[in-house]
Amino acid sequence: MKAVQIIEPGRIEVGERPDPKPGPGEVLVAVAACGVCGTDLHIADGHFAPTPYPIIPGHEFAGTVVGLGSDVDTGLAEGVRVAVDPSLFCGHCAACRRGRGNLCANWGATGDTVDGAFAELVAVPARQAYALPDGVSFEQAALVEPVSCAVHGLRRLGTEAGESALVVGVGTMGLLLTQLLERSGVRVTAVDRVPDKLRLAAEMGAEHTAASIADLDGRQYDAVVDVTGVAPVIEQALDSVARGGRFLVFGVAPEEARVALSPFRVYNDEITVVGSMAVLHSFGAALELVSDGTVDTTGLVTHRFALEQYADALGVVRGGTGVKVQVLPSFSSTSPTTPSSTEV
Ligand SMILES: [Zn+2]
Ligand SMILES: [Zn+2]
């Protein structure tokens, strides 16, 4: 099969690799679409600690079951279209036994710690594969993983109808969080430097938009979500939390980053700071939100690339101007990358 491989940090190769063989309880999936996210940049650069090298990255994906290992008891058969929850939790550590598998002591994920889906084929545990309703395209289905991260984030944030929220950074994740907040009766203000993203945020439910937190004239919000992971932005965003409010650290900051925070304010204003890591019991809910149209995926995929163009795809994500970038193994590298050029 053809696949992208990160040989070592900074070294990407696209070429022929042996077809993966589905082990016991696994299915083989022919990948139709796989999204690129910030984690893929960290993996390519060697900044994602759990990743061993060489690795085939790719954890936001959908495709068709084309093979079954032994002991697959989930009812999946060849030809079934699926989206795949990439989470690989051990099931027996203390976190897993408390039902918090995303904090698993032996945490893993397809495409992050074992070979993933920037490839023609990928082997995954059958229990992680969700059959797609007919109306859901592969392109939409490859967005279910980011939606499921947003669903988990919203559960952690615990907003209530009628509250106000500030979402800082409206790339794919910020736009999905904006939608989920708005759909649950929260009035959303979105901040981003890129005007096109603010336009999408307004279309997707943001009541107000602004180019920076400074433009908000000191307004404060019941819930503030940082999706940038940028320390100085997080400090400004913390100042935007209203008394009694909550702050969600959603964007991934560098491990060594630190922010200044007023313990007096946290005490005196009863401010809650929470984190949200990946997916937890939220993939099925996310698939339903996408398939019934509650989450609008129109306009989210702005760039499409062939496997051979993986370095270009990473470049677009690094540049931050597009929204979701996807790699389509069947995409011809001579095709234009305009949104209207492919039916997936
Ligand atoms: Zn991701
Ligand atoms: Zn575990």
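This briefing covers two zinc sites, a buried alanine and one helix. The model is predicted, so local features need pLDDT of at least 70 and side-chain atom pairs count only at pLDDT 80 or more, while totals for chains, interfaces and linings use all residues. Residues are numbered from 1 along each chain as its sequence is written, chains are lettered from A and ligands numbered from 1 in the order in which they are written, and side-chain values use heavy atoms, with hydrogens and water left out.

**Zinc ion (ligand 2)**

- Four cysteine sulfurs, the SG atoms of Cys90, Cys93, Cys96 and Cys104, are the protein donors of the zinc ion (ligand 2), at 2.3 to 2.4 Å from it; donors are N, O and S atoms within 2.8 Å of the metal (3.2 Å for Na, K and Ca), and sites may look incomplete because water is not among the atoms.
- The arrangement around the zinc ion (ligand 2) is tetrahedral because its 4 donor atoms subtend angles of 102 to 118°, the criterion for four donors being that all angles lie between 85 and 135 degrees.
- For four tetrahedral donors, the ideal angle at a metal is 109.5 degrees.
- Along the sequence, the donor residues of the zinc ion (ligand 2) follow the spacing C-x2-C-x2-C-x7-C.
- Both Cys96 and Cys104 are buried, where buried means under 20% relative accessible area, exposed over 50% and partly exposed in between (1.4 Å probe, protein chains only).

**Zinc ion (ligand 1)**

- The zinc ion (ligand 1) has as its protein donors Cys37 (SG), His59 (NE2) and Glu60 (OE), which lie 2.1 to 2.4 Å from it.
- These donor residues of the zinc ion (ligand 1) are spaced C-x21-H-E in sequence, and distant parts of the chain are linked by the pair of Cys37, in the loop between β3 (26-36) and α1 (38-45), and Glu60, in strand β4 (residues 60-68), 23 residues apart; helices (H or I, at least four residues) and strands (E, at least two) are DSSP runs, numbered from the N terminus.
- Cys37 counts as buried because its relative accessibility is 16%, and Glu60 counts as buried at 2%.

**Ala206**

- Ala206 is placed in the loop between α6 (195-203) and β12 (208-210), and it counts as buried at 8% relative accessibility.
- Leaving aside residues up to four places away in sequence, Ala206 touches Thr178, Val188, Ala190 and Ala201, contact meaning heavy atoms within 4.5 Å.

**Helix α7**

- Ala231, Ile234, Ala237 and Leu238 are buried in helix α7 (residues 231-238).
- Seen down the axis of α7, its buried residues fall within an arc of 115°, so they line one face of the helix; the arc is that of the directions from the helix axis to the C-beta atoms.
- Among the elements covering the buried residues of α7 are β10 (164-168), β13 (221-226) and α8 (263-268).

Note on methods: Tetrahedral: all angles 85-135°; square planar, octahedral: opposite > 155°, others 65-115°.
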